[in-house]
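Visitor: I am new to this structure. Please pick a single part, look at it closely, and then show what lies around it and beyond it.

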Amino acid sequence: MVDLSGAPSDAVVPDPRLLARVRSLADAARADGRRRVLGIAGPPGSGKTTLVAALLAATAGDAGVAGHVAHVPMDGFHLLDADLVRLGRRDRKGAPDTFDAAAYAAALESVRELPRREVAAPAFDHAVGEPQPGALVVPVQADVVVTEGNYLLLDDEAWRPVRDQLDEVWFCALADDVRVERLVHRHVAAGRAPQDARAWVLRSDEANAALVGPTALRADVVVLDGRVVGPDADFGPDADFRPEADPGPDED
């Protein structure tokens, strides 16, 4: 199970079934030459970043795929703050329309093109809160590219082209109350006052979560704190995706 304590751990290992799926994607890429793109979706605070970090660490130690898994997160496609101010959307940073979804889809399309080539992609610099162009590189030898973000399964005109570039999508599910507390803790740790942190989470993060939650139905796999619980999980209004034990705040 993925360690969600937020503390570094050498023992972080995802569900073996997830690693097996990555190996299958790599095998398919080697068979026809085309890279496979694995998407990891879910609402804010559901564990996407933690799962990706654990998955990248595990694949780096797996003889079958080590050195052949790359990472291109959605966060690198945030619009610049200056553009958000101009658009009047700075106070909703993180909403679907505050990303360059077209550029994101184009980058993923480039990753899947044949013949393979090295592909540069932006990263998000959390220290300055802005994307950094060309900070990431997908090497030619990468067979699988992992990408995570809230809106990979969003069924609207801007985001459908992103879904079209994903060979498989996993959805991180988590009970809303657990997510909210983790998000508040995260914002406080980043320097917000507790009252301001909670207000931001309830106004902005939860507005985004309301859009993302229903998209779980379109995922290939549902994951709760690093373990596979779907695709046949209950996504009705009474579904309670609660971890076996909540160890503390998590990343996005």
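Guide: The expected span of a helix is 1.5 Å times one less than its number of residues. Helix α2, residues 48-60, is the part to look at, and its 13 residues should therefore span 18 Å. Its end C-alpha atoms are 18 Å apart, so the expected and computed spans agree. The model is a predicted one, and what follows describes that prediction.

Which residues of α2 are buried? They are Lys48, Thr50, Leu51, Val52, Ala54, Leu55, Ala58 and Thr59. An α-helix makes a turn every 3.6 residues, so residues three or four places apart point the same way. Leu51, Leu55, Ala58 and others on the buried list can be followed along the helix in the view above.

What do these buried residues pack against? Their partners are helix α1 (16-32) and the strands β1, β2, β5, β6 and β7. Two residues of α2, Leu55 and Ala58, belong to a core of 19 residues that also includes Leu19 and Val144. This is a second core, separate from the largest one.

The strands beside α2 lead to the sheet. Strands of a sheet pair through backbone hydrogen bonds, either parallel or antiparallel. Here 6 strands form an open sheet with mixed pairing, in the order β2-β5-β1-β6-β7-β8. β2 (69-71) and β8 (227-228) each have a single partner strand, so they stand at the edges and one side of each is left without a neighbour in the sheet. Within the sheet, β6 and β7 (residues 221-224) run parallel and are joined by 3 bridges. One residue to look for is Trp170, whose bridge partner in β7 is Val221.

Helix α4 also meets this sheet. α4 lies across β1 and β5 (144-148), and its direction makes an angle of about 165° with β5. Ser110 is a residue of α4. Ser110 counts as buried because its relative accessibility is 15%, where buried means under 20%. Apart from residues up to four places away in sequence, Ser110 touches Arg35, Arg117 and Val119.

The largest nonpolar core has 32 residues, and Tyr104, Val138, Trp159 and Phe171 have the most contacts inside it. β1 (36-41), α4 (101-112), β3 and β6 (168-172) each give two or more residues to this core. The largest share, 6 residues, comes from α4. Phe171 has contacts beyond its neighbours within four places in sequence, among them Ala41, Pro43, Leu153, Val212, Val221 and Val223.

β3 does not appear in the sheet order given above. It pairs with strand β4 (residues 130-138) in the antiparallel sense, over 6 bridges. The two strands form a hairpin with 4 residues between them, and Gly129 in the turn has a positive phi of about 75°. Asp125 stands opposite Glu130 in β4. Ala123 is found in β3, residues 119-125, and is buried because its relative accessible area is 16%. Once neighbours within four places in sequence are left aside, the contacts of Ala123 are Gly76, Glu130, Pro131, Gln132, Ala135 and Leu136. From Ala123 to Val72 is 7.5 Å, C-alpha to C-alpha, although they are 51 residues apart in sequence.

Further along the chain is α6 (residues 176-189), a helix of 14 residues that reaches 20 Å from its first C-alpha to its last, close to the expected 20 Å. Its buried residues, including Val178, Leu183 and His187, pack against α7 (194-212). Just after α6, Gly191 takes a positive phi of about 120°. Asn208 is found in α7 and is buried, with a relative accessible area of 2%. Neighbours within four places in sequence aside, Asn208 is in contact with Pro44, Arg92, Gly94, Ala95, Pro96 and Tyr151.

As for the whole chain, its secondary structure comes to 7 helices and 8 strands. Of its 252 residues, 51% are buried. Among contacts between residues at least 6 apart in sequence, 73% join residues at least 24 apart. The chain exposes about 11400 Å², and carbon and sulfur atoms supply 53% of that area.

Technical notes: Residues are numbered from 1 along each chain as its sequence is written. This is a predicted model: local features need pLDDT of at least 70, side-chain atom pairs count only at pLDDT 80 or more; totals for chains, interfaces and linings use all residues. Side-chain values use heavy atoms; hydrogens and water are left out. Buried means under 20% relative accessible area, exposed over 50%, partly exposed in between (1.4 Å probe, protein chains only). Contact means heavy atoms within 4.5 Å. A nonpolar core is a set of buried Ala, Val, Leu, Ile, Met, Phe, Trp, Tyr and Cys residues joined through side-chain atoms within 4.5 Å. Accessible areas come from the Shrake-Rupley method with a 1.4 Å probe; for residues, only the protein chains shown count as cover. Two strands pair if DSSP finds at least two bridges between them. Axes are lines fitted to C-alpha atoms, for helices over the stretch in contact, and angles run from 0 to 180 degrees between N-to-C directions.
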